[in-house]
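Hello,

Here is the structure I promised to pass on to you. My notes on what turned up in it follow below.

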Amino acid sequence: MTSASAATLDLMRGEGVPLSALGAFAYQIPTDAPESDGTFAWDSTTIVVIEVDAGGHTGLGYAYTHRSAADVATQLLWPAIRRGDALATNGCWEAMRRAVRNVGAGGIAASAIAAVDIALWDLKAKLLNVSLVDLLGAVRERVPVYGSGGFTSYSTERLCRQLGGWAEAGIARVKMKVGRDPEADGERVRAARAAIGPDAGLMVDANGALTRKQALTAAADFSESGTSWFEEPVTSDDIEGLRLIRDLAPAGMEIAAGEYGWTTPDFQRLLDAGAVDVLQADATRCQGISGFLAVGALCAARSLPLSAHTAPSLHLHPCCALSALRDVEYFHDHVRIESMLFDGAAVQHEGRIAPDRSRPGLGLELKRADAEPFRV
């Protein structure tokens, strides 16, 4: 037995590893062009990166959120776990959730918990010298992706070039934004269908921009172009509306929502209402990998598919460990940012991404010199 294997066995026998430090860093990355969806426009994306140290190793986590999440991590979360055991990820998660009771468990606090929780899972796997998927227990070797972008700010030409390029690269399903100009959406969807051909799956995302009647009209129009997925046709706050659209949508069109779920009860409410055909969850919002695994269990209990929202490099390992998982969103902005900032970022091949199980943890390393110009 090697010394590394012996040390791993010692850890697994219950030898705790005290947490020793936490660092938080925020980076703001400009988009490569103006971007918008049905309800929002942006020209940059902020990522908060967390590093947690223990036992001579550093765990890496991150979330796409406001820079203030870094302050929540250092000022509220670190005091709650600083005497904790790096191997006790569940205990640390519960301690962080208790620490934000008086500021609220959602929003910025949820994203801060997420980034720290992800770093703790990465750290635990590194201490045990295994990839995170092997620590969690793999049920698949790779994860299907769908190409996502098609912003409402794009010209029709750019929209078609992006979606058509993904289809040519072997990605079986692609998604575009709608809802900014409902009167023009039908033509944009038809142009996208022509660009990707008859066989690729076409998905649309309104980001909650439409009323119930607008959404039903749009669903009927989009179905003529073979659209198989309608995401947030109405706001996810309107759970009854989502259920209505799900009940009345054309055959073969799935209704999806869940990306703005912060805590496990948020997802439970969508499921109890029968509001979605596919539940989405985002580990950078739903309080980390721990929260994401909990959502996966909810989906498995109801035989409902789970789709991971964006951040493909971060979701890759837990997605490989969840039986209910269908796919992960290969989002234009995050694919670009993760390849810029992290060595080991996921790259799709023939419509799938696969973890490098020779690298411990998430298999990611921050490229500090490349990231530094974007630090805020």
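**What was found**

Among contacts in the chain between residues at least 6 apart in sequence, 71% link residues that are at least 24 apart. Please keep in mind while reading that this is a predicted model.

Let me begin with the chain as a whole. It contains 14 helices and 14 strands. The radius of gyration comes to 21 Å, close to the 21 Å that the globule rule gives for 376 residues, so the chain is as compact as a globular protein of that length. Along the principal axes, the C-alpha atoms fill a box of roughly 60 × 40 × 40 Å. Of the 376 residues, 57% are buried.

As for the surface, the chain exposes about 15,000 Å², and carbon and sulfur atoms supply 49% of that area. The chain carries 35 positive and 47 negative charges, and the mean positions of the two sets are 4 Å apart.

Now to the aromatic residues, which you may enjoy browsing. There are eight aromatic pairs in the structure. One of them joins tyrosine 62 and tyrosine 64 in an edge-to-face arrangement, with 5.9 Å from centre to centre and 85 degrees between the planes. Tyrosine 62 also pairs with phenylalanine 342, and this pair is stacked: the centres are 4.7 Å apart and the planes make an angle of 25 degrees. Which strands hold the two partners of that stacked pair? Tyrosine 62 belongs to strand S3 (residues 57-64) and phenylalanine 342 to strand S12 (residues 342-343), so the pair ties together parts that are 280 residues apart in sequence.

Are these rings buried or exposed? Tyrosine 62 has a relative accessible area of 0%, and because buried means under 20%, tyrosine 62 is buried. Phenylalanine 342 is buried as well, at 2%, and tyrosine 64 counts as buried with 9% relative accessibility. Elsewhere, Phe40, Trp42, Phe151, Tyr154 and Phe331 form one aromatic cluster.

Another place to look at is alanine 114. This residue sits in helix H4 (residues 107-127) and is buried, with a relative accessible area of 0%. What does alanine 114 touch, leaving aside its neighbours within four places in sequence? Its contacts are Ala283, Thr284, Arg285, Gln287 and Gly288. For a distance to check on your screen, the C-alpha atoms of alanine 114 and asparagine 90 are separated by 13 Å, with the two positions 24 residues apart along the chain counted as their spacing.

One of those contacts of alanine 114, Gln287, deserves a look at its backbone. Phi of glutamine 287 is near 65 degrees, a positive value in a residue other than glycine. Glutamine 287 is found in the loop between strand S9 (278-281) and helix H11 (288-302). With 2% relative accessibility, glutamine 287 counts as buried.

Asparagine 129 also has a positive phi, near 60 degrees, and is likewise a residue other than glycine. Where is asparagine 129 found? Its place is the loop between H4 and helix H5 (132-136). H4 is the helix that holds alanine 114.

That is what I have for now. Happy browsing, and do write back with any questions.

Best wishes

Terms used. Residues numbered from 1 in each chain as written. Predicted model: local features only at pLDDT ≥ 70, side-chain atom pairs only at ≥ 80, totals over all residues. Heavy atoms only, no water. Helix = DSSP H or I, 4+ residues; strand = E, 2+ residues; numbered from the N terminus. Rg over C-alpha atoms; globule rule 2.2 N^0.38 Å. Buried < 20%, exposed > 50% of the residue type's maximum accessible area, 1.4 Å probe, protein only. Contact = heavy atoms within 4.5 Å. Areas by Shrake-Rupley, 256 points an atom, 1.4 Å probe, with all protein chains shown as cover. Lys, Arg positive; Asp, Glu negative; His and termini not counted. Charge placed at Lys NZ, Arg CZ, Asp CG, Glu CD. Phe/Tyr/Trp six-rings, centres within 6.5 Å; stacked < 30°, edge-to-face > 60°.
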